[in-house]
Structures are given as C-alpha cells and as structure tokens.
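Colleague: I'd like to learn how to read helices and their packing in a model like this one. Could you walk me through it?

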Amino acid sequence: MSSSVNLLIGLAMGLNLLALGSSRMPSVIRIVAAQGVALGLIPFFMEDRFGWLVALVAAGTVAVKGLVIPNLLHRAMRTAKIDREIEPSIGFVPSMLLGAGGTMAAVDGAQLLPLLSEHAGTLLVPGALASIFTGFILLIGRVTAISQVCGYLILDNGIYLIGLLLIHSTPLLVESGILLDLTVAVFVIGIIMDRIQRAFDSLDTRKLTVLRE
Amino acid sequence: MTPGHLLLIAAVAMFFGLLGGRGAPRLWLTAMLVGGIAALLAAIQVFVSGAQWDWRSEFSVCGEPLHLRLDAMSAVFIALLGALGGAGSVYSCEYWSDKAHPRSARAGRMWWSAQLLSLGLVLLSSNGLHFLIAWELYAVSSYFLITLDRQKREVRAAGWLYLAASHVAGLFLFAFFAMLAGRTGGWDLGPMRDHAELAPLFWLALFGFGIKAGMFPLHVWLPSAHANAPSHVSAIMSGVSIKVGIYGLVRFSGWLVVPAAAGWVVAVLGVISAVLGVAFALGQHDLKRLLAYHSIENIGIILIGLGFAMIAAGHGNAAWGRLALAGALLHVWNHGLFKSLLFLGAGSVVHATGTREMSLLGGLWRAMPWTAGLFALGAAAICGLPPLNGFVSEWLVYLGLFDSLIAHSAAARAAVPAVVLLAMTGALALACFIKACGVVFLGAARTNASARAHECGPMMRGPMLALAGSCVAIGLAPLVFWPAVARAASAWNPAWAGLEAPPSLGTIGVANVALTVIAIAAVSLLWRRTRKNGLRRALTWDCGYAAPSARMQYTAGSFAGIITEWFAWILRPLRHRQIPDGAFPADASFEEHTPETVLEQLIEPAGAGALQVAMVARRLQHGRLQAYLLYIVLGLAALAAVVLFGGGR
C-alpha cells in the first residue's frame with residue numbers, strides 16, 4: 001500500500017518542479033491537473049477497508065481537479081485572450097532550484113515533526129510541505145493572475161495531502177465543501193480575470209497597487 | 001440634605017444641561033448654576049462636618065460596582081469645580097453667544113456640561129476603572145472645547161497637541177491603574193498605606209498626572225491650548241482641569257506609599273516649573289499665552305508645597321509638612337480663582353478688540369474700566385501681594401519651608417534655595433504682570449481695534465466680580481477657609497489631624513484688613529482732593545521730541561527685555577532685526593518671538609525621528625500581492641522555527 005502511495009506522491013513532487021520550470025501557461029495548467037488526478041487517486045491505495053465514502057471523495061477530487069478546474073482555466077484564458085508566455089519575477093531556473101531545495105528541506109524537516117507511526121513511513125507530510133512551498137513560490141514569483149491561480153491550486157494540493165492524514169475523522173461534507181469552494185473560487189477568478197483584462201488590458205498584478213491603503 | 005443628595009442634584013442638573021442645553025441657553029444656564037451651587041454646598045458640608053461621604057452602588061457599571069467618595073481632599077477640588085463651573089457658564093452666555101458663534105455655541109454648551117460632569121466623576125470616583133473612564137471622557141470633552149473655533153489652523157494645531165499629550169498621559173495612567181489593580185487584586189481605591197511594594201508605581205502617576213498638571217518639562221501642550229481655547233474654556237482649564245492633575249498626585253501620594261525620593265523630585269520639579277514658568281511668561285507677547293505660562297509657574301508653587309509635605313511625611317510626619325501641604329491646597333483654590341479671573345479679563349479684552357497680541361493693544365482702561373480694574377486685582381493676587389489671597393497661600397508655603405529650617409529637618413538644606421527661588425518667582429511674576437497690565441491697559445491705544453474697544457456686558461462682568469470678591473475674601477479672612485484645607489491635610493495624612501491654625505494666619509488676616517482699610521481711606525482721600533482741586537493734564541516727558549506717537553510706547557518685548565536676557569539660555573528668543581544705518585536710515589525693524597523651547601527643541605525633533613523610522617516601516621506596505629505572500633511565508637517560517645527550535649517542545 002505504502003509504496004504505491006509514495007509513488008503517487010513522488011510523482012506529485014516531480015510535477016511541482018515541472019510546474020516551476022515550465023514557461024507556458026497551458027502546460028502549467030495541465031501539470032496542475034495531472035497533480036490533482038495523482039493526488040485524487042491516493043485514497044484508493046491508502047485504504048485497507050475500502051469504503052464508498054472515501055471512494056466518493058476520491059472520485060470527486062479527481063473529477064474537479066482533473067477536469068472541471070483545468071477546463072475553467074482554459075476557458076478563462078481563451079475568453080480573456082491571455083498571453084501564453086509566463087513572465088516570471090523569479091526566473092525559471094532559480095524557481096526550480098528553490099523548489100528542489102524546498103523539497104529536500106521538506107523531506108528532512110518532516111522527520112523533526114512528531115508524527116504518528118503509521119504516517120512516518122509515507123511521503124505524505126514531506127509531499128504536503130513541498131507542495132505548499134511550491135505553491136508559495138509560484139504565488140510570489142509569477143506576476144499574471146492566472147499563474148497565481150495555479151500556484152494557489154498547488155498550495156491547495158499540499159493542504160489536501162495534509163487533510164489525507166485525517167481522512168477518517170473528516171466528514172464527507174467538509175471534503176466536498178472544500179472542493180466546492182475551490183471550484184467556485186477558480187470560477188470567480190476566471191470571471192474577474194476577464195473583467196480585469198477588459199478594463200485594464202493587462203493581468204499584471206504588479207499594477208494593482210492603487211488600493212493598498 | 002446630605003452631600004449625597006446635593007451631588008445627585010448636581011449630577012442630574014449637569015446631565016440635564018448636557019442633553020437639553022443645546023437649544024435652550026437660559027435653561028442650560030439655570031441647570032449649570034444649580035449644579036455648580038449644589039456641588040459647592042456638598043463640599044462645604046464635608047468641610048463643616050468633617051465626615052466623608054462614601055457610597056457604593058448595588059448595580060455594577062462595566063463590571064465594577066460604582067464607588068464614589070467625597071472626603072475633604074476631593075471636596076477641595078469639587079468646591080473649585082462648582083464655583084468656577086458656575087462662573088464660566090454665566091460668562092460664556094455673553095462671551096460665546098449663539099449670535100456671535102452660530103456654528104459652535106450649541107456644541108460648546110454641550111461639551112461644557114460634559115466636561116464638568118466628567119471632571120466631577122474623576123474627583124469622586126473611588127474605583128480605578130471608573131476613574132479612567134471619567135478621565136478619558138474629560139480629556140475628550142476638553143479637546144472639543146479647545147477646538148470650538150476650529151476654523152482657525154492654529155486652534156486645530158493646539159487641539160492636536162493637547163490630544164496627543166492627553167493620550168500620553170492616559171497611557172501612563174492606564175499602566176498605573178492596571179498595575180495597581182494587578183497588585184492589589186481589585187480596582188477599588190482607598191488608603192493603602194501599608195502596601196510598601198506599591199511605592200514604585202508613584203513614578204507612573206507622576207508622569208501621567210504631571211503631563212495633565214502642566215509640570216515643567218511636561219507642559220508642552222499647555223500654552224497653545226490655553227491661548228487658543230475660548231476664554232471661559234481657558235479659565236476652567238487653568239482653574240480646574242490642570243488641578244485635576246494635582247488632585248491625582250495629591251490623592252495617590254496620600255493613599256499609597258511613595259518612594260523615598262519622590263518628595264524631593266516633586267519639590268525640585270516644582271521649583272523648576274515655578275522659575276521657568278514665569279521666565280517663559282515674561283517672553284510672551286500674547287496675553288493669553290502669558291497667562292498660560294503663569295499657570296505653569298503656579299503649578300510649580302503648588303508642587304513645592306506638596307513636595308515638601310511628602311518629604312515631611314517621610315521623615316516622621318513633621319508638623320511643617322502640614323503647613324506646606326495646606327499652603328499648596330489653598331493655592332489650588334487661589335490660583336483657580338485669580339487665574340480664572342485673569343483669563344475671563346483677557347477674554348473680555350479679546351471680545352472687545354479681537355486680538356490677544358499685546359503690542360496691538362494699549363490704553364484700554366479708559367474704555368474698559370471694569371475689566372482693567374478686575375484684571376489688575378487678579379494680577380496683584382497672582383503676584384502674591386497682600387491683602388489678597390495669593391499672599392495667604394504663598395505665606396503658608398513659606399511658613400512650612402521656614403519651619404523646616406528652624407526644625408533643622410532633613411529638608412533644611414533644600415528649603416533655603418527653594419525659598420530664594422520662590423521669592424524670585426514672585427518678583428518676576430510682579431514684573432510680568434506690570435508688563436501685561438501696563439502694555440494692555442495703560443498708555444495710548446496702539447491700533448484702531450484697541451481704540452474702538454468697549455466694556456463687556458453684565459453677564460461677563462458678574463462672574464469676574466464674583467471671582468474677584470472671592471480673592472479678596474480669602475485674603476481678608478483666611479481663618480474662615482483654613483478648616484477646609486486643614487481637613488484635607490488630615491485626609492492626606494491622618495497624622496496631621498486637628499484644626500488648629502498657625503497663629504500667624506490670624507495676624508495676617510488682621511493685617512490684611514488693616515491694609516485694606518488704610519488703602520481705601522487713602523484712595524478716597526486722594527479722590528476727594530482731585531475732585532476738589534481738579535486734574536491738570538500735561539505731556540509726559542518726551543526727551544525733547546516734539547511729536548510723540550502711540551508707537552513710541554514701551555512694548556511688551558522692550559519692557560521685559562532685560563529680564564528675558566537673563567533667561568535667554570532657555571528661552572532662546574528668535575530675533576529678526578534690521579538696524580538703522582547711516583545718517584538718513586531708510587527703514588528699520590525689530591521682531592522678537594519666544595518659542596516653546598521644550599516643544600521645538602526636544603519633542604518635535606524626537607517626533608520627526610520617530611516619524612522617519614515609521615516611514616521606513618511603511619515601505620513594507622506597497623500593494624504588491626507577491627511580496628505580501630512572501631511576508632506570510634517568512635512569518636510562517638519564523639513561527640515554525642520558534643516552535644521547532646525555540647525550546648517549546
């Protein structure tokens with residue numbers, strides 16, 4: 001069980017680095033989608049007693065993160081005619097180096113944490129920390145609104161991984177609520193981006209500083 | 001009626017004035033007078049009976065039961081509040097009328113009532129929490145009263161400065177009361193003379209109340225606030241508000257144990273305030289600013305008395321301390337009376353001429369004989385001249401200092417310089433008020449505004465007459481007022497119980513009456529002779545110059561020039577001069593201005609520095625989302641580091 005979970009998380013960690021390194025918007029969206037699918041599959045391998053509740057959560061996650069959200073983002077890109085190139089404020093190579101360093105630190109740092117014995121052997125916690133860190137790098141290091149959405153999604157994937165530690169104690173309602181929130185958030189951001197693009201001809205968040213007070 | 005009933009009447013009247021006084025000036029005035037007189041009567045009852053009134057409520061306000069207490073110490077200040085509140089209310093009806101000030105007169109009445117009410121609460125409150133609430137209410141209502149005329153820029157600036165100082169004072173008092181409550185386990189206040197561990201808290205109280213009292217060098221807010229407020233507000237601020245700072249110091253130095261050095265520090269600060277207050281006053285050219293600096297001087301005199309009383313209390317309750325304290329408390333009354341009188345007189349001048357600038361006034365006594373006479377009487381009283389009240393209270397302070405010398409006490413060494421400097425202060429005050437009275441009321445009118453001046457009406461004259469009457473009464477019959485301060489002194493220190501007056505006080509009363517009789521006889525004799533023989537008018541000696549004009553009189557600056565030169569090291573007067581040059585000089589000018597040195601040389605640079613540091617920190621907020629996220633990451637990382645490596649595990 002543990003080895004297939006670790007394989008999936010390892011895949012997600014690799015996808016983190018890929019997301020940091022890619023320079024084109026559609027590919028980042030695809031990477032985020034793939035990561036969502038990979039993480040969505042984890043509950044199937046984790047469970048000894050496979051329940052319909054967990055299956056529902058897993059299937060929902062795969063559907064929303066793998067299909068709905070990428071579709072929304074692609075549509076937003078099309079309607080807002082967003083430039084496909086990413087303008088990084090932290091370059092791709094430094095981002096990747098940072099991400100790799102963060103991943104290593106996460107693996108190392110997870111051993112410092114007081115974990116339950118059944119989680120200590122998995123990559124769940126290191127993967128979660130690495131994804132959160134990657135999400136932050138994308139949020140900080142990219143300037144267009146849509147790439148920040150991707151960073152936000154990767155950040156959420158990290159939080160989702162931590163949530164998996166508690167999958168038995170988290171009710172279905174909470175899980176589905178989180179998914180719904182995420183979907184609506186991306187949906188709304190898609191609309192807002194369109195509006196911003198029409199109003200200002202740009203999605204550069206660096207220019208949105210007038211309302212700082 | 002018990003004091004409790006009277007205070008209830010006063011509170012209801014003030015509350016009524018607060019709510020219903022906006023639109024109905026007469027009704028408001030009646031309520032204010034009823035309230036003031038009821039408070040005064042309550043205080044008198046306490047003085048006569050000597051019993052304190054103490055009341056605890058069944059209900060609680062903000063989580064604490066209301067605890068009010070009127071002992072002789074509170075009564076000293078409540079009496080002053082009632083008297084000056086009533087006088088100021090009458091005065092304001094003409095001075096700040098609805099007709100002349102349609103924008104602010106209504107608000108002025110409301111804030112006036114609010115201020116009197118909150119000041120009363122401060123003086124009665126025996127619970128730290130309620131004390132603070134009342135204190136803040138009083139600070140805020142004072143701010144609105146100072147800035148009644150807020151169309152003017154300098155008024156707004158004075159208001160801001162006052163508000164900032166009030167906040168600093170409030171901060172210290174919050175710390176003081178919170179720590180007091182923390183160490184005693186409750187907000188209730190009362191005598192705690194057996195808790196020696198509370199002594200260091202006195203320094204917090206000294207700072208907080210010292211700012212309010214206008215003690216040098218914490219006085220920076222006082223001159224501009226007093227100068228720019230409407231005159232009846234200046235009168236109540238100088239008469240009562242800053243005395244509330246004194247009340248706090250007296251109250252908590254009596255109830256708590258104070259550090260051994262506290263008395264010395266208070267006495268030294270008192271001497272500094274007295275001497276430098278009058279020195280700064282001499283440098284002023286603005287009539288109300290001059291009076292404001294005299295408030296600092298008189299606060300200094302009160303602090304000298306209090307400081308020596310504290311020293312005496314710390315050295316076996318020596319009897320001379322009681323005299324010093326009684327002098328200080330009587331001076332609280334006296335300064336309240338004559339300083340209000342002077343501010344109301346200055347208000348009358350401003351009302352008639354529209355300016356406070358002394359070099360634009362002159363010769364006003366012909367147009368305003370009542371104002372001039374009453375102002376001169378107040379001036380004589382503040383200079384401590386017999387037979388008026390200032391002389392009596394300063395005499396008591398002197399008596400305390402001399403007795404400490406005679407007793408070879410621990411304070412004897414400090415008493416000599418204190419006496420010398422106090423005497424110097426009196427002399428300088430006399431010079432300063434000769435300057436003020438001379439420049440404003442004597443001589444010839446310097447401008448058209450002062451030439452067209454008119455006497456004030458009965459609503460303004462009445463309160464001034466009443467205040468002048470009280471000044472004379474305390475001067476002529478000090479023994480009548482002695483029991484009040486004696487009871488307050490015994491409330492401050494139970495070891496000083498008893499009502500017996502120092503023997504010289506009666507002598508002074510008799511001497512003052514005799515002096516008054518002789519003066520009246522001499523004046524009436526002179527008056528009769530001039531009526532009989534007539535007056536011959538002639539030119540003053542003009543050094544042979546044929547065409548003297550009103551501009552050739554002594555100005556405020558030139559009159560005080562010699563003395564301000566002695567104090568130039570601290571006054572730092574700014575002078576712009578263009579000296580006449582050659583045989584036929586084209587033009588020449590001379591301008592002098594005495595800034596508020598502590599504010600401009602010390603506090604403003606410090607404030608500018610703090611602002612610069614703050615501006616650097618402000619750069620962190622620029623609106624870039626990415627950087628904000630970075631702050632979050634860094635913050636989280638720091639928290640994680642603290643949790644992991646901070647030893648908390």
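**Reading the helices**

Modeller: Sure. Keep in mind that this is a predicted model. Start with helix 6 of chain A, residues 124-141: its 18 residues reach 25 Å from first C-alpha to last, close to the 26 Å expected at 1.5 Å a residue.

Colleague: And is helix 6 of chain A mostly covered or mostly open?

Modeller: Mostly covered: 18 of its 18 residues are buried. A residue is called buried once 20 or more other C-beta atoms lie within 10 Å of its own. Across chain A, 40% of the 213 residues count as buried.

Colleague: What else is there in chain A, in terms of helices and strands?

Modeller: Chain A has eight helices and zero strands, so to speak α-α-α-α-α-α-α-α along the sequence. As for contacts between residues at least 6 apart in sequence, 77% of those in chain A join residues at least 24 apart.

Colleague: Now packing. How do helix 1 and helix 4 of chain B run relative to each other?

Modeller: Begin with the crossing angle. The axes of helix 1 (residues 3-20) and helix 4 (residues 105-124) of chain B come within 8 Å and cross at roughly 150°. Angles over 145 degrees count as roughly antiparallel, so that is what helix 1 of chain B is to helix 4 of chain B. The crossing is left-handed.

Colleague: Which residues make that contact between helix 1 and helix 4 of chain B?

Modeller: From helix 1 of chain B, they include B:Ala10, B:Met14, B:Phe15 and B:Leu18; from helix 4 of chain B, B:Met110, B:Leu116, B:Leu117 and B:Gly120 are among them. By class, the contact has nine nonpolar, three polar and no charged residues.

Colleague: What about helix 15 and helix 16 of chain B: at what angle do they cross?

Modeller: Roughly 155°, with the axes of helix 15 (residues 389-406) and helix 16 of chain B coming within 8 Å. These two are therefore roughly antiparallel to each other, and helix 15 of chain B passes helix 16 of chain B in a left-handed crossing. On the helix 15 side, B:Glu394, B:Tyr398 and B:Leu401 are among the contact residues; they meet helix 16 residues including B:Val416, B:Val419 and B:Leu422. The contact divides into nine nonpolar, two polar and one charged.

Colleague: Last one, a loop residue. Where is B:Thr447?

Modeller: In the loop between helix 16 (412-441) and helix 17 (448-451) of chain B. B:Thr447 is partly exposed, because 16 other C-beta atoms lie within 10 Å. Its C-alpha is 9.6 Å from that of B:Thr353, 94 residues apart along the chain.

Key. Residues are numbered from 1 along each chain as its sequence is written. Chains are lettered from A and ligands numbered from 1 in the order in which they are written. This is a predicted model: local features need pLDDT of at least 70, side-chain atom pairs count only at pLDDT 80 or more; totals for chains, interfaces and linings use all residues. Helices (H or I, at least four residues) and strands (E, at least two) are DSSP runs, numbered from the N terminus. A residue is buried if 20 or more other C-beta atoms lie within 10 Å of its own, exposed if 12 or fewer, and partly exposed in between; C-beta atoms are placed from the backbone. The expected span of a helix is 1.5 Å times one less than its number of residues. Axes are lines fitted to C-alpha atoms, for helices over the stretch in contact, and angles run from 0 to 180 degrees between N-to-C directions. Angles under 35 degrees count as roughly parallel, over 145 as roughly antiparallel, 65 to 115 as roughly perpendicular and the rest as oblique. A crossing is left-handed if the near helix is turned anticlockwise from the far one by less than a right angle, and right-handed if clockwise. Two residues are in contact if their C-beta atoms, placed from the backbone, lie within 7 Å. Ala, Val, Leu, Ile, Met, Phe, Trp, Tyr, Cys and Pro count as nonpolar, Asp, Glu, Lys and Arg as charged, and the others, Gly among them, as polar.
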